[in-house]
Every structure is written in C-alpha cells, then in structure tokens.
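Trainee: Please take a close look at one part of this structure, its interior. Give me the overall values first, then go element by element.

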Amino acid sequence: MDLSDAERVRLDVGLAAPNLGRVSSAVDLKTVLVTAVVTLVVAPLIYMLARRIGSFLRQNVRMWLEAVLFRLAKWSRSSLAKRMSLKEYCRSGLGDPHTRFLQVPGRDGAAHLEADSAFVALKLENGAASFVYSGDVLEIQGMSRVRVVGDPGSGKSSLAKKMFRDACREAMALRSGHRLPVLVELKRFTPPKNVTTDKARATWAVKFLRDHVAKVQGFEMGDLFDAYVTGGGLFLILDGLDEVAGSDYPRVAATLRALSGRLVAESPRNSIVLTMRSQFHSQVSGHLEADFPPVFHVRPFSPEDIYVFLTKWPHYAGDKRAEILRLYNNLTDRPTLREMCSNPLVLAMYVSHDQHGAKGVAVDTRTAFYSRVVEELLVARRGRQLEMPAKSLLREQRETIFGRLAFEHMCDPEQAANSLSWARAVDVVADIYGCGKEEAEQRFRDLSKETGLISEERIGESYRFIHLTFCEFFAAKEAAEGRSEGWAELMAAHHAFAANADSYTASRLEEVIPFALALLPRAHRADALRELSDGGVDSLVMGRCFLETQLYDHQSWEVHSAAESAFLSRTPSGSWDDAWLRRLHLFNVVLKESEEWLTAYGRRPRRTLEDLFRDLVQDDRARLVQLFSSYASVDAPAAMRLAAATGVDLVAEQPGLVVASMSYPPLRAMILEMVETETDFADGLALLVAEAGLRHQSVAVEFSREAVPQWLADKVAMLDARQWWFRTDIHWGAYRPSLYTYCLSYASALARKSEIHHPAEFPAVVTIANVPAPGGLVSGVKFLTRLLAFALVFVAGSFCVLGLVASLTPSAFSRKAIAGGVLLLTSAAYFVCLDLGSVPKLRRDVYMALVNFPTRRGAAPKLILKVADSSFLFGITRFTTVPSTLWLRRFSGQVLEAARALDREPPRQLRASEGRSPVLPRARSGRQPTRPSISQRDQRRPHTSPADRASGSGAIARRPLEVPGTGTPGEPD
C-alpha cells in the first residue's frame, strides 16, 4: 500500500524517537561526570593553588614593595638632608664674623669693613701668567693645588676669606661644579708628635677637617663631609703657613703633603689653596714644590686699585666724592706715601687714621704712620677723659705690656707667629700693675676691649694681635725704647735665626729690624745702620731701612746705592724679570726720596734717577723704551714722569703702551692735563684719547664728561659736518659734544687721510675710520617722517592705480579681487613701516656699543667671547624681514662689521640664533676685512684693565683686530 508523504514522515519520526532518548541520556551522564570531577578535584586544586599564590604574593610583594619604598625614602631623605646640611653649613660660614668682616686697625669703633663690599680684586701672578681674582672661585678651584704668597698685609687672609665666602654662595645655590668650602688657620693645624707615618698623618688630617665641619650645628655634618671628600670635592683653604711654630713646621709640612696625596686619591675634584708670607716661602718652597706646583704672588695695589679701594670705603666723615678726591690727590702727589699705601693693610690704616684721627698730619714713613695709629689706638678712648699726665702714663703702661709680650714672642722660634700665650700675658700685666692674677686677667681683657689691638683666640689659652705687623711693630718699639740692650738682643736673635740651617724662622725678624732702626734714638741710629751694612743684610731690607730712617747722609747710603745701581745696570735686559722690576721699583722710590731729602738740606745728591737710568739704558734707545715699557706695568704714571725726565716722550714713541695703561685714574689725569693745553703733539693726543676710549669703557665714559679744549674744537670745525661723531638729538645723549666725541671725529679723519704715523698702535681707530659717522645720519624723527610719507604715498598710489583698474573691469569678481589686493598692499605697507620703525633705535644702539658707551643705564654691553670665523655680522637671523635686511645691507654693513671687529655685542634684535645661518651679505666694499701688521710685542700686550674686564667693557680682543677695507663709505640714511 502506498503511503503518502505525510504518513511516511510520521513513521520516520516515530522510529527515531527511542534512539534520541538513548543519546540524550548518554550526554547528560558525561556532563555530570565531568562536572563532578571539576567540582570535586580540579576546583579544590585551583582554589588551593590560588590561595598559595596569593599568600606568596602577599608575603613577598609586600616585602619587595617595602624594600623599594625604603630605599627610595632613604635616598630622598639623604639627598634632602645633604642639601639642607650643605645650606646650613654655608649659611653658618657666611654669618661667621671671622669671615664676614675685615678688621681695620685704627678705626674708632667696633665696626669693621664688610668683606664682600670692601674687597678689591687682587692680581695674582705666576711668572708670565697672571689673573685677577674678583669673585670667580671656579677658576682657582680648577687649579687643584695652589700656593698663594705675598708680603705682610698684602691681602692674603682677605683673599682667603673672600674665596671661602664666594665658594659658600656657589654651594648654597647648588651651581654646577660647586664644592664644599673649608677654611682652616694653619696655626691651629698641629698634628700630634706620635703620628709618624704618611698614612697616619693623612688619616689625622682628614679627621681634623671632618671635625672642623662637624662643629657646625646641623644634620649629620660629618656625613656631609664624607660625601663631598669622595665625590663632589672639597675646596680647602689653608691660611697662614708662616704662622706655624718653627718646631712644629716639619710635622705640619709632612702632614700637608700626606693630606694632598690622600685627597687626590679620594677624588680628583678636591682642591687646596695654601697661603703664606713671601719671606717664609723663600725658605720652604722646596718642601712643597712637588705637591703644590703652581705659585701665585699677590701683587701690591696699583694706583687704580688704590682708587677703587677709596671708592669702596664706607665710613667717610664728609662728602664722599670730595674725600676720595682729596685722599687720592694726596697719595698721587707723594710717591713715598703712595708706595707705602700699595700695601692694602697700610692703606686701610691710612684712610681710617685720616677719617677718624687728626687730619692734615703728614706721615712720610711707615714707622711714623704706625706710631700715630698705635698711639690713637692705645689712648684714643681714655685720652678724652683723662688729663695729659694720665694719658701719657696710660700709653706707656700699654706700650710696655704689648712691647714686652711682642718682643719675647718674636724672639722665640718655638712659638707660632702671632699666637701668644695667655698665661704669660697675665703674668706680665700682674707684674706691671702689681696685682693678683685674677685682677690681671680682667685688666688684660679690658685692654683688649678698649684698644682693639688684640683678641682672645682660645679662652684662657692664647690670644693674637689684630695683625702680625702690629706684633712686629711693638717688638721693634720694645727693642728700641724699652730695653737698654734691646737692639743688641734683636740682632743676636736675627743672626741666630739666619745661622741655623735647620731653622725655618730666618725671615722672622726682617720686618722688625727696619721698625726698630727708625725708633732708635738719633744718636744710636747711625751706628746701628753701619752694623746692618757691615753684617751683609739683604739689600731689600737695607732699602726699607733707608726709607724708614732717611739717613741719606750716612756713608752706608753711598755703598748701598752704588752696589744696587751696579746690580741693576749689569743685569742683562733678557733677565729683567718680576724680581728685578720689584728691586728696581724699590730702589727708584729710595733714590727719589734721597734726592728730596738732600735737596731740602742744601746738599747735592751724588746719584740721581737720571744717572740710574742712564746706566740702565747705556745710550741704547731701544733698551730705554723696553725699560719704561716694563716699568709701566708696575707704575704707569711714575714711568711717564721718569720718561719725561730722561727725554723720552712715551706718548709719541710708545702710544700703545700709554693706551694700554689709560684705565689708571692718575695716568688719565696726566693725559687730560696735556690735552687742556695745545702741544706740538696734538694729533697724537687726539688719537690716544680716541683709541683709549674704544678700548676702555671707563675712559670713554669719563672723557665724554670732559669739556672740549679750544684747539681741538678749531680742528674739528674744519671737518665736514657729516664726519662728526657727535650729535645734538635728544635720543643721542651720549653723543653730545665732548672731549671723547671730538677726538673720535678728528682721529677718524686722520685715519682716512692715512696721516697716522703708527697705525698698528691705533687699530680701533683704523677700524672705525670708514664707518659713516653719526653726524651724517638723519635724525630719528626725520627718518620716521620720511617713512610715514612714503607709506602714505604708496597707499594713495595703490588706491589710484587699483581704482582705475576697477573702473575698467565691470565684473563684480574683478572688483572684489581688486579690493582684496588693495587690502593686502595696505597691510604689507603697514608691516613694512612697523618693521622699519625700529631702525632709528637699532641704529643708535649699534653706534653706542661701537664706541664703548653703555647701551642702557647701569649696565655695560657684554663682550662676545667667541665669534665663529664662518659667521658674518654676528650671524644675524632675528632681523629677517626684507625691508630691514635691505636697510642693513644698504646702510649698516660697515657699522656692524666694525662692531664685530671690536667684539661689541649687538642689540637684542640682531643677536644670532643657535642653529640658524646668517642671511645678510657682506659689506658694500666687497672686500674681506684685513688685519693690520702688529708686532709680537703688541700681540702680547694686554689691552684691557681689570676694571674694564670686571665691567664687561671691551677693549680689543686678544686676536688682532679686523679692519674693514678702504671701500666707499655707505651713504647715510
């Protein structure tokens, strides 16, 4: 029977139903079994494993995180603590009165000079090399090991304090390269006798320094020292090696050598500065040569330094400017007094005595000056309240106390210089006043307080004079006036020191002897001087003895002057070193003093300065010029006077030498005096003033305030007005008519006519010769007026042209395009005028910098230290608009080229951007700048003074100047 399709389908489904039930049951059973296994076996295992892993992570990750956080916290706390400790240490060092103030003997009061404001830059020399320390501590830190030596009172201790304070500021600011500064007085640096090996000495020295730093109140100061001694580096300043006791010196020197080696091994950044007196250094220099190779000598104050010191003195009794002028004139007019005041300590005492003592009292020897200052210090405060007998008695008592203590101290080589026993002082005071020790101790403290001559170092143990020179003066006074055989005892001690080859105190009494000789009674002075002459005392000591005693009628003077003249004249010119020049300088002062003294007594001197220089030059004019050139480095005004006395006109024959020294105020005064009256060398004077102003900004500023002499005004009036370097515009105030701008006008005219006899001596004048002078430039108002008129004409013309075109094009699109063009041209004209509107101010700034005028009040233009040879016109990239570029190309190429040759800094808009190439072409002449032929002597000659380097003004760079070609000058705008 046939089945339908529906029935057939129902039959198939019915047959398949039992099979589907059986398959479903199998699948359900498998699922149940897997679920059971996972639930009963796998899930517990996973749970257990997860718990174990979680427990492990909780335990270990926590420890790891704690370790990382601990290390981070420790590092941050250490870094923060180190910074805080460093700042606290430096703050303590800057606030310490011992480093903050410079003690000034002779002041009426307890105040002192601030070390930072009163410090005058000191010149340090090392053979041919030299540098001026004015606060750049990084320069001397980079020398690693340095010896600084100088005469008593030359400023060694002041320099040490200033370097320490500058280094503290560098460290507080955390500047790159800073080090930990440590200042130690070596008389307190005495290693124990049982320390005998280098390793033990170095260990003791490092511990001493660490304890010295750790004494400052702060957080872990010892750790701060450890961090710097092995890392950032120490800046260790060891002051006063000559003040170490003679018996302790071998141990101290050995310890310093061991310390030097230890610090080098710890860190290459550790540096040491060691100071001492030059007399002591001559005896021990061989012991320190290997460990401290560089030796820098502190030079005496130059006339310019004396002037700077006077300007920094804060305690003038009257008008400051008038007092400075009066004091400086006194020192300039009296060479002996100025020679004495080239020592900073003596100069400070002189100014203090002048301002707070008796004015108008002449002192022409160091002994007389010290006598007056000491008398004021001893009795100034009590003398106003006591009658004359009491005043004299008080002075004698105090002189006796100080004299006896100082004499015993100076004659005892076992005592460290200027570190005296407190117990011995109490015994002397008790003996003089006839009182007990307790009362004597109180009296001695009152004496220290009232006189200010001494100060207690360690309470109840030691004290010191305010300066070693006072100790030496009181010792001399005791030898000359306080003891019947004082001179004999002094000479016996001196001979004993000199005879002992193993002694390090041979120079201990060399400053005492001239003082004592001058203080001896007049009847004994001649015999004592003969004894010194026959005893073969050093020539420099003899020269100082003659200056102090002024016994130029003594027979030993003829012997000394003849021997000294023979030594100076027989020395070959190739051996004229610093020592020879110092000896010549001292003999020159003594010889000039002898001429004045003998002339005052109606006697004719047998040997004069003319005789001395005649023997030196030996009829060789080149040798004479070389002599005065060398002597001018010591005292330029004195060299000018001596040259004139021997018939040498340095202005005519060596103008470059005079120009290089024009930063000195007394030399400027001499040149101004010569300029005021017309002379046969008028052209040379105008050239000299112009060149000096272009090299030294101080000269440019000062001479711009001087009136124009009539002879110079007449010469400049004959020039074309377009060649004048002065203007009357209100915006060109510095270019007003003055001596400097008139000399620039006349000197540049001479250079253009090639009428300079020595063009190599005036490179700066030759450089600006072809530069358009400011007198030929239109004023800023006229320039802006022309610029505005040009813009209006341009815009009006554009409107007319485009309006005509619009009338001929009827389409609306064309009219809109023309309107857009009008707007575009108007905007372009506006921006061009805005860009060119800065041209007058820019031009004025360029000219101001060119002639060495400050571009803004209170700030001098800085020098460009390095100018790439490939760059041109300073690599100008900031002024890149087309109108400005065209203006610079057309009118200012030679101005900017001359400014570059003189190393002037361009205005801010014209400074080069790093990584940008210059966009301006060369000057219109199309020629490369040429170099003048300058001799090797001129290349070696310094062209800038310390004052100009400090002010940032630029004389001439150390490379020869580039002088523009002789093309046609650019037209004025």
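Mentor: The chain exposes about 46,800 Å², and carbon and sulfur atoms supply 56% of that area (Shrake-Rupley method, 1.4 Å probe). This is a predicted model, in which local features need pLDDT of at least 70 and side-chain atom pairs pLDDT 80 or more, while totals for chains, interfaces and linings use all residues. Residues are numbered from 1 along each chain as its sequence is written, and side-chain values use heavy atoms, without hydrogens or water.

Of the 973 residues in the chain, 49% count as buried (under 20% relative accessible area, 1.4 Å probe, protein chains only). The chain has 42 helices and twelve strands (DSSP runs numbered from the N terminus: H or I of at least four residues, E of at least two). When contacts between residues at least 6 apart in sequence are taken, 75% of them join residues at least 24 apart (contact: heavy atoms within 4.5 Å).

A good place to start is strand 7, residues 234-239. Six of its six residues are buried, so strand 7 is largely enclosed by the rest of the structure. Burial applies to both faces: L234, L236 and L238 lie on one side, with F235, I237 and D239 on the other. Strand 7 also has parallel partners. Strand 6 (residues 180-185) pairs with strand 7 over six bridges (pairing needs at least two DSSP bridges), and V184 has L238 as its bridge partner there. Strand 8 (residues 271-277) pairs with strand 7 over four bridges, where I237 is matched with V273.

Helix 22, residues 539-549, is another enclosed element. Nine of its eleven residues are buried, so helix 22 is largely enclosed by the rest of the structure. Among the buried residues are V541, M542, F546 and L547, and also the charged E548. Just after helix 22 comes Q550, with a positive phi near 55°.

Empty space inside the model is the next topic. The whole structure holds eleven cavities of 30 Å³ or more (sets of points on a 1 Å grid over the protein atoms alone where a 1.4 Å probe fits but cannot get out). The largest has about 220 Å³ of space (the volume filled by probe spheres set on points joined across faces, edges and corners). It is lined by 18 residues, of which D242, F280, A417, S507 and R508 are the closest to its centre (a lining residue has an atom within 4 Å of a point). Helix 9 (278-288) and helix 18 (468-482) are the elements that each give two or more residues to this lining. By type, the lining has nine nonpolar, four polar and five charged residues (nonpolar: Ala, Val, Leu, Ile, Met, Phe, Trp, Tyr, Cys, Pro; charged: Asp, Glu, Lys, Arg; polar: the others, Gly among them).

A493, in helix 19 (residues 486-499), is buried at a relative accessible area of 13%. Beyond its neighbours within four places in sequence, A493 is in contact with C411 and L509. Its C-alpha atom is separated by 8.7 Å from that of D412, 81 residues apart along the chain.

Finally, an antiparallel open sheet has three strands in the order 10-12-11. Strand 10 (420-421) and strand 11 (454-458) are the edges, each pairing on one side only. Two bridges join strand 10 to strand 12 (residues 462-465), and L420 is partnered with Y463. Strand 11 and strand 12 share four bridges, with S455 opposite R464. In their hairpin, with three residues between the strands, G460 takes a positive phi near 75°.

Terms used. 1 Å grid on protein atoms, 1.4 Å probe; cavity = no way out; pocket = protein on both sides within 12 Å on 5 of 7 lines; lining within 4 Å. Buried < 20%, exposed > 50% of the residue type's maximum accessible area, 1.4 Å probe, protein only.
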